[in-house]
Amino acid sequence: LILAHLFFGSYMMAFVFAPEYIQWYIARKELPEDFRFLKRGLQYLQWQFYNGKQRPWVLKNPVYPGFEPLLATIFPDAAFVTTHRAPHSILPSGISLLHYYHQAYSDVSHKEQLGMMLYEGHAMVLQAHMAARDANPQLNILDIGYGESAANAEHAVEEIHAHAGMTLSAQA
């Protein structure tokens, strides 16, 4: 939501039906500055609510895959976690979510077109992610299957913390 203060971002696809918006947004040359803005926003929040403890930032965005090399330059200590789910299990939910968002802002239904829009966007993001991984084998990326994390969440949490160089407290 910090990027919403730039008045555009990947989240805009929830408010307007613009099938090519995500492709345009991802191709923009200003993305490094967007991510620097995100970092400044996080630093401000960390300063504003600092309680004496160092706390890591956890960023989640379905449009981040493919941007790992760029994110690693702005967040040099980043540890990436990629969760894997079968597209046929997530796309119907995404279509439904976007449809309901769009209903709040328009009387026109685009539900029929949302499937192809999300399918193409998802394919584009996955292709960019795989290309980034191939070109940057040094990236600190952990892969976790959704089924694995759902079946044994405790193990997944331990694995993610270890990957990020963190230890779980006894309380955690």
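The exercises below, each with a worked solution, deal with one helix pair and with the salt bridges of a predicted model.

Residues are numbered from 1 along each chain as its sequence is written, and side-chain values use heavy atoms, with hydrogens and water left out. As the model is predicted, local features need pLDDT of at least 70 and side-chain atom pairs count only at pLDDT 80 or more, while totals for chains, interfaces and linings use all residues.

**Exercise 1. Describe how helices α4 and α5 cross, and which residues make their contact.**

Step 1. Helices (DSSP runs of H or I, at least four residues) and strands (E, at least two) are numbered from the N terminus; α4 covers residues 87-105 and α5 covers residues 111-135.

Step 2. Their axes, which are lines fitted to C-alpha atoms over the stretch in contact, with angles from 0 to 180 degrees between N-to-C directions, come within 9 Å and cross at roughly 130°.

Step 3. Angles under 35 degrees count as roughly parallel, over 145 as roughly antiparallel, 65 to 115 as roughly perpendicular and the rest as oblique, and α4 and α5 are therefore oblique to each other.

Step 4. Contact (heavy atoms within 4.5 Å) is made on the α4 side by P87, I90, L91, G94, I95, L98, H99 and H102, and on the α5 side by K111, L114, G115, M117, L118, Y119 and H122.

Step 5. Sorted by type, with Ala, Val, Leu, Ile, Met, Phe, Trp, Tyr, Cys and Pro as nonpolar, Asp, Glu, Lys and Arg as charged, and the others, Gly among them, as polar, these residues divide into 9 nonpolar, 5 polar and 1 charged.

**Exercise 2. Find the salt bridges and state whether the residues R36, E33 and R40 are buried or exposed.**

Step 1. With a salt bridge taken as a side-chain nitrogen of Lys or Arg within 4 Å of a carboxyl oxygen of Asp or Glu, the count comes to 3.

Step 2. In helix α2 (residues 31-48), R36 and E33 lie 3 residues apart, about one turn of the helix, and their side chains meet in a salt bridge at 3.3 Å, N to O. E33 also forms a salt bridge with R40, the closest N and O atoms being 3.1 Å apart.

Step 3. On the scale where buried means under 20% relative accessible area, exposed over 50%, and partly exposed in between (1.4 Å probe, protein chains only), R36 is partly exposed at 39%, E33 at 37% and R40 at 42%.

Step 4. R133 and D143 form a salt bridge at 2.7 Å, N to O. This pair links distant parts of the chain, with R133 in helix α5 and D143 in strand β2 (residues 141-145), 10 residues apart.
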